[in-house]
Amino acid sequence: MRFGLSIGLMSLAGAAALAFAAVASPAEDFKAAYAKAEAASQQAASLKTQWTTTVATLHAAQDAAKASKYDDAVSLAHQAEALAQASIAQAREQASAWKDGVIR
Amino acid sequence: MASTIRVRAVAGADTTEVQSLIQHPMDSGFVKDAAGKLIPPHHIEVVRFEHGGKTVFTALWGPAVAKDPYLKFSFKGAKKGDELKVSWLDNEGASDSLVAKIQ
Amino acid sequence: MTMSSDAAGCARRSMLRGMAGLAGLGLFEASRLLPAYAADAPDWPQAAFKQKSEIDALKQLYGKNAEASDKVTLDAPEIAENGAVVPIAVTSSLPNVTAIAVLVVENPYTLAAAYQIPAGTRPAVANRLKMAKTTKVVAVVESDGKLYSASRDVKVTVGGCGG
Amino acid sequence: MLRKVLIIGAIVLGGAQVACADDAVDPKAEFKAFRDYFVGRFPKVPFDDFVNGPYSMDEGLRKQWKDIEEFPPYEFAVDKGKEMFAKPFANGKTYADCFPNQGIGIRQNFPYFDAKSGQVITLELALNQCREANGEKPLDYVKDDMAALTAYMAFTSRGKRFDIKIPDDPRALAAYRKGEEYFYTRRGQLNFSCASCHVQSAGNHIRTEVLAPALGIMAAMPIYRSEWGAMGTTSRRFTTCNSQVRAVPLPPQDELYRDVEYFLTYMGNGLPVSGPGARP
């Protein structure tokens with residue numbers, strides 16, 4: 001009985017979470033997208049390959065979220081992540097490619 | 001305090017060539033600061049050069065004169081060792097003056 | 001390297017000393033310096049410096065208009081390296097020159113600088129001006145009471161009015 | 001925006017090539033190749049004129065520069081630096097006590113590799129180390145006082161030829177190599193290296209500006225830039241170069257920046273000190 005109740009509560013909670021996700025997901029979506037973008041940005045910074053545009057786009061994403069414009073905020077977070085990933089790819093490629101430019 | 005004015009006055013055969021540089025922001029009134037606020041106009045309006053008690057050159061400047069303004073002109077009648085007096089006054093009432101020896 | 005200097009903000013801080021100095025020089029009326037806030041210099045032609053066209057500025061400054069003359073030489077770069085500092089020089093072979101003015105036609109205010117040339121001073125001046133954009137620069141010389149001018153287009157891509 | 005990002009990413013990856021360069025560090029050979037490259041590419045520019053950057057490449061700019069040099073705006077900085085240099089610290093010592101030859105006429109020997117700390121010491125770093133050793137607070141690296149001090153020290157060294165040494169010390173060679181790598185590494189969203197502008201595009205116009213050749217580019221530091229309306233140090237130039245290509249700059253005097261300065265100044269060995277300079 002007790003067991004059954006807790007299962008029942010769990011499924012209730014699950015249903016509530018689903019309902020919450022369906023209704024209030026933009027904020028959660030933003031949080032997730034922003035966390036991914038920030039992680040990529042931090043990796044770029046640690047590789048000393050951070051782009052100013054990544055930083056600016058992250059800020060813009062936060063500002064949009066503060067203004068409750070979650071669609072914009074999520075899209076900006078995705079952009080920031082893409083920028084950070086591109087800068088990381090740049091650093092990886094340049095780790096050896098820089099030698100091609102050396103005057104010899 | 002050190003002067004805001006630098007002068008080089010060199011006597012030649014016929015004329016004395018004067019060059020001066022004045023330390024002044026010459027804010028035009030059209031530039032914004034870091035916070036996005038317009039920096040009010042702050043510029044020198046009058047620069048006067050005097051030799052032997054007589055004004056030999058007067059500059060009247062608006063806000064379009066460049067920062068740390070430069071001037072070059074030449075005049076007759078001075079010789080090496082003479083004094084040249086330079087003074088300026090800006091739109092906020094600030095001013096400075098200097099007496100330089102002609103070389 | 002004639003004098004030494006301790007830079008920034010000198011202009012403001014030298015105010016009091018400068019006022020005393022000017023009173024001594026007798027260059028400006030002391031009464032004009034008494035107000036604690038900004039006051040234009042007594043002989044500064046404020047109206048002329050507020051005009052937006054070449055003709056109006058000259059009218060305010062000299063009460064007349066100028067005619068082009070090859071006896072006025074305007075030395076200005078074809079392309080300014082930076083609109084914030086454009087070296088411009090004016091000379092003239094005209095007789096009895098009493099004034100020289102430099103105008104930057106499409107600056108917010110057209111008149112940039114006006115110089116008074118007493119007898120014994122050569123009709124020549126070099127200065128550095130700010131230019132907001134590509135425009136015509138006009139040099140005006142007053143000779144025997146008449147105005148003569150020369151002009152030149154100066155290309156500016158890095159403006160002197162940006163923040 | 002996203003599409004643009006991905007395109008840039010594609011360019012970055014697409015541009016990847018298999019590294020085939022020789023990994024041995026040979027500063028002497030690289031120095032000669034670097035110099036020959038610029039001298040060969042700009043045969044009309046007298047060698048010593050490379051220190052004048054864009055003004056060695058364009059007549060119109062050169063005339064404006066000559067006009068400005070008649071009474072250059074950096075004179076205020078030189079005078080201020082001279083005063084600062086002479087003024088004793090609270091403990092009675094002066095900057096002169098920290099440097100060989102009392103700090104006069106020594107700009108051409110900076111930066112140098114310090115065997116004791118195993119680091120590259122630039123003039124800016126040495127000045128702040130001097131201050132701190134004498135109980136004074138370090139100065140901001142990018143402008144004002146630091147620019148004034150370095151302007152004065154460069155001024156007393158004008159005409160002396162750069163003589164940067166790379167001692168036979170693996171740490172010095174590593175610093176040189178890291179500086180070289182930084183110089184040639186593409187960075188920022190614009191995907192530019194220092195070399196993209198100052199080697200490949202040297203002498204080309206960006207709007208009205210002419211890109212200075214990398215050879216001799218350190219000789220005029222510090223500089224009064226009309227664009228800044230003020231003086232700036234080598235630190236300021238490096239950080240603004242980074243921002244211009246949309247890369248987040250390193251902290252001023254970061255080890256990597258000092259290594260770049262070491263590499264670049266070494267490449268200009270034999271050229272005269274021309275600083276402080278005036279630039280657009």
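## Strand β3 of chain B and its partners

In this predicted model, Val47(B) of strand β3(B) stands opposite Ala59(B) in β4(B), and the two strands, the latter spanning residues 54–61 of chain B, run antiparallel and are joined by six bridges. They form a hairpin with two residues between the strands, in which Gly52(B) takes a positive phi near 60 degrees.

β3(B) also pairs in the antiparallel sense with strand β6 of chain B, residues 83–90, over seven bridges, and here Ile44(B) has Asp90(B) as its bridge partner. Because seven of the eight residues of β3(B), which covers residues 44–51, are buried, this strand is largely enclosed by the rest of the structure.

## A sheet shared by chains B and C

An open sheet of six strands, with antiparallel pairing, follows the order β1(B)-β2(B)-β5(B)-β6(C)-β3(C)-β2(C). Its edge strands, each pairing on one side only, are β1 of chain B, residues 5–11, and β2 of chain C, residues 72–75, while the twist from one strand to the next averages 15 degrees.

At the chain B end, β1(B) is joined by seven bridges to the antiparallel strand β2(B), residues 15–22, and Val10(B) has Glu17(B) as its bridge partner in that strand.

## Chain C as a whole

Chain C contains five helices and eight strands, and along the sequence these elements follow the pattern α-α-α-α-α-β-β-β-β-β-β-β-β. Of its 163 residues, 44% count as buried, and among contacts in chain C with a separation of 6 or more, 62% are between residues 24 or more positions apart.

Methods. Residues are numbered from 1 along each chain as its sequence is written. Chains are lettered from A and ligands numbered from 1 in the order in which they are written. This is a predicted model: local features need pLDDT of at least 70, side-chain atom pairs count only at pLDDT 80 or more; totals for chains, interfaces and linings use all residues. Helices (H or I, at least four residues) and strands (E, at least two) are DSSP runs, numbered from the N terminus. A residue is buried if 20 or more other C-beta atoms lie within 10 Å of its own, exposed if 12 or fewer, and partly exposed in between; C-beta atoms are placed from the backbone. Two residues are in contact if their C-beta atoms, placed from the backbone, lie within 7 Å. Two strands pair if DSSP finds at least two bridges between them. Axes are lines fitted to C-alpha atoms, for helices over the stretch in contact, and angles run from 0 to 180 degrees between N-to-C directions.
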